[in-house]
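Dear colleague,

I am handing over the structure we spoke about, and below it you will find my notes on what turned up when I went through it. Please read them with the model open beside you.

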Amino acid sequence: MRNFILRRLIYAIPTLIGVSIITFAIVRLSPGDPIRLFVFGQRDITGEDIERLREAYGLNKPIPMQYIDWLIAAVQLNFGQSFIYHQDAFQLLLSRVGNTLQLAVAALALQLVIGVPLGVIAALKRGSWADGLIRVFGVAGHAVPSFWLGLVLIIIFAVQLRWLPSVGILTVGKDAWDIADRFKHILLPAFVLSLTGIANYSRILRTETLDVLGQDFVRTAHAKGLHERTVVFVHALRNALIPVVTALGGILAGLVGGALVIEQVFSWPGVGQFTFQAAIAKDYPIIQAATMLVSVLLIVSYLLRDIAYAIVDPRIKAS
Amino acid sequence: MTAKQRTGRVLIAVFAATVLVATACAPGGPTASPGPTGTAAASAKPDQGGRIIEGSTTDIASMQPALSNDTSSSRIINLIYDNIIQQDPKNGEPKPKMATFSASSDGLTYTFEMNAKANWSDGKPVIGEDFFTSVKIAGKSKKTVRKSNYQDIEGFKDYSDGKATTISGIKVDAANPKKWTVKMTKVSCPAILDLNTMAPLPTQVFGKYVTEASKDEIDTAPENTSPTVFSGAFKFKEWRKGDQVILSKNETYWQGTPNVDEFVYKVVANSTAVTNGLKTGELTFGSLAAKDLADVQTVDSVKITKYQALGYTFIGWNTLSPTATGLADKRVRQALAYGIDMDAVIKAVVFGEATKNVAHHVAVQWSFPKSPLEQYKYDKAKAETLLKDAGWVKGSDGILAKDGKKFSLTISTNSGNQERETLAQVAADQYKQLGIDAKARPEAFQGLVTKLTTGDQTLEATIIGWNLGGDVDPYSIWHSANVPNPATKVEGFGFTGFKDPAMDKAIEQGRNPTDGNCSTAARQANYETFNKILNEHQPYNFGYSNNVLAVSQKSLQNFNPASYSTIYNIHEWWIKK
């Protein structure tokens, strides 16, 4: 297992370099220039000023040279200074990672807590009205655009009913550790973010549970006179959960990516919203650091999936 | 609440409970209901305490005046550092704030004296040296965009280039440290506001970044993001990045302690979130998008204040375009002004919340022309006559053509800006009725800016906007020296390519008068000429100037925003309990 993890980590290096080259090229070669954007409308700005700024931000060198400079610094976790904030890009991102992870983990928990039971119920009550309702919910969960649902929920729960706040992560003036207040803020965004996952898991679980329930070992368990609950939860569910673990691969990175839209709708100060704004302002260091961060998350997330996969299903060897 | 409203709420509640069974929580949530719906009562004794929460769609970038270049950062900087001069909130004329000022008879030397009461939050007086420190910071910083504001100070360039250890043109009075003089290399009418670009900064904090040995350390100074000493109405407390900036009142503020305890700058994702926050009472004040006005007008707990924005949205014609050649002809551009029903456009695009504009300066600026200008009232017949006079006649397909070339016109604007995209579409539709093959093309703002400033000739017409804060000098936009030229690599904002010697002269005389007369009356005369030329030649369709729709909770008192400033009297604001 140790060799397996080590090998996977070594493989990750060329992947990350590839991602960094592609991002660097796309960002630098797309139309627009951060300096011209920065000084647009500024009175009496001169060509000399623009050249000085270009030099100060390291944009006067050829792009391949800029990349090499960036790579050398990035290895030391120095992603440069944000063009807009004049602060360390990586630190700025890290200050928002906690908020995004909070949202992603809450959404993940909701996905599992709601999605898994729904799938099992649908399978056990196959053909019933409950099964039908859950399947309709599964389709709706995929079909409803999250930004739209988010806005509708804000109008209902925040603007009309005033049960929940409409924006942000914490009420102004509340202590950063006010858990109850944070809970109220996270409910709507986490629910909207988790919706696709709930739909996914309920669908997968339904199919897998039905499949497993028809297999020989389940019939044997029944024949042995085991209690129905033991058969379902101990024998069937453990096997049915294997594809769920597979689906978990990349889920964290997926949630971080999906959070971009949700963070915009709910004014959630996370990585997605921050990166989106950086892309608009052509803040290269932030865009580059964010891409690397999400890539690392993705790689780690897939690695964890494979390890979990090996643990859940002893037939799979880590090779 | 009426029975109808109550029934509506019950229905919504039932629907909501169905939608969100999994996450429903008990009622009695966190959102404070709006405060009492009091009316403005400037004469009443102000209640003390409370918190003002302003909603904004962008976070601040820095609290260092030399590095900030955005309205959010400026808001916070203006609250924590007072300027020496303030512009009249209604017409922009410069007036003393923390310092008085006067100009010498030759217009080259300015004398300032700081108010005796002006002090820092650490108890030290604000002095001339603090002004000097902020100018030195602009000189030392490599990432600032403020150097151009100080370029006419004697010795500034040498200091900025590292050839001098001090700025020879700034002298602080040895006998009276509150008094200082600034000598300019030439008469420059915008100088008084240019010198006010950055507020004085505490030498006791920033002095270490402007020593002879210091280089550009100021660009990464921790005090830029976490300032410690203040001269403004509020003191910095905390910056929760991407979420909020929290300020607390400056008890020793020289104009009097503010009535409220805290000012919070709350960042939300978009204008819809601002609207929602104002409706729920989570925000104390903020600006509204015109599309949300009707909705907010039904809310009892808020007050709406309208005033004209300091800027305008326009359609710029590329008079040098090799493809839309018609734009080179004044008559065609005039036809494009008569041929668009701007009043109808304003209704369609910004729900009537704007004023039509026919020249560069807008009505709230003191330089706005007093003599009547051609208003270009919608007149399709006149537009058609002008086009005909210019040689453009309709072909069998209904499209105008001249010398066998059809009149096609692409109107570009920045994508994602819903207002401008709609304007481009509406304008294209109206020009089609004149027989012009017009179409709208949204493209990314980043790319558009590069094309405009480098003189990319693929642009035929562009919808964009100018913010006209600061001095009224239009040199950077309209003087021929700022017409970009890809061949000579000259960049600038004169992307219409329009040049006029008489207009150049008027701009020069309004900026650097040969007689040294920078009075508003003298400058006004030059800007009359300038605006008249633009009004006649129409290098832009000058479009419209939006209304700012400032919304505040009725509990907020003394909130009287105007075009030049929202917060000029913030120490007098109070919240009725």
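In this predicted model, chain B holds an open sheet of 4 strands, whose order is 4-5-7-6 and whose pairing is antiparallel. Strand 4 (99-103) and strand 6 (170-172) of chain B each have a single partner strand and stand at the edges, so one side of each is left without a neighbour in the sheet. From one strand to the next, the twist averages 20°. Strand 6 of chain B is joined to strand 7 (residues 179-183) of chain B by 3 bridges, the two running antiparallel, and in strand 7 of chain B it is B:Trp180 that serves as the bridge partner of B:Val172. Helix 3 (residues 128-140) of chain B packs on the sheet, where it touches strand 5 (109-114), strand 6 and strand 7 of chain B, and its direction makes about 155° with that of strand 6 of chain B.

Turning to chain B as a whole, there are 17 helices and 23 strands. Its radius of gyration is 26 Å, close to the 25 Å that the globule rule gives for 577 residues, so chain B is as compact as a globular protein of that length. Taken along the principal axes, the box filled by the C-alpha atoms of chain B is roughly 80 × 75 × 40 Å. Of the 577 residues in chain B, 47% are buried, and among contacts in chain B between residues at least 6 apart in sequence, 70% join residues at least 24 apart.

The contact between the two chains takes 56 residues from chain A and 52 residues from chain B. Several helices of chain A give two or more residues to the side that touches chain B, including helix 2 (34-39), helix 5 (89-124) and helix 8 (179-213), while helix 7 of chain A gives the most, with 6 residues. The residues on this side of chain A divide into 29 nonpolar, 16 polar and 11 charged.

As for the interior, the largest nonpolar core has 170 residues, and those with the most contacts inside it are A:Leu93 and B:Ile80. Helix 5 of chain A gives the most to this core, with 16 residues. If its neighbours within four places in sequence are left aside, A:Leu93 is in contact with A:Val271, A:Phe274, A:Ile286, A:Ala289, A:Ala290 and A:Leu293. Another core, of 61 residues, lies apart from the largest one, and among its members are B:Trp317, B:Met342, B:Ile463 and B:Ile464.

With best wishes

Key
Residues numbered from 1 in each chain as written. Chains lettered and ligands numbered in written order. Predicted model: local features only at pLDDT ≥ 70, side-chain atom pairs only at ≥ 80, totals over all residues. Pairing = 2+ DSSP bridges. Axes fitted to C-alpha atoms, helices over the stretch in contact; angles between N-to-C directions. Contact = placed C-beta atoms within 7 Å. Nonpolar A, V, L, I, M, F, W, Y, C, P; charged D, E, K, R; others polar. Rg over C-alpha atoms; globule rule 2.2 N^0.38 Å. Buried ≥ 20, exposed ≤ 12 C-beta atoms within 10 Å, placed from the backbone. Core = buried A, V, L, I, M, F, W, Y, C linked by C-beta atoms within 7 Å.
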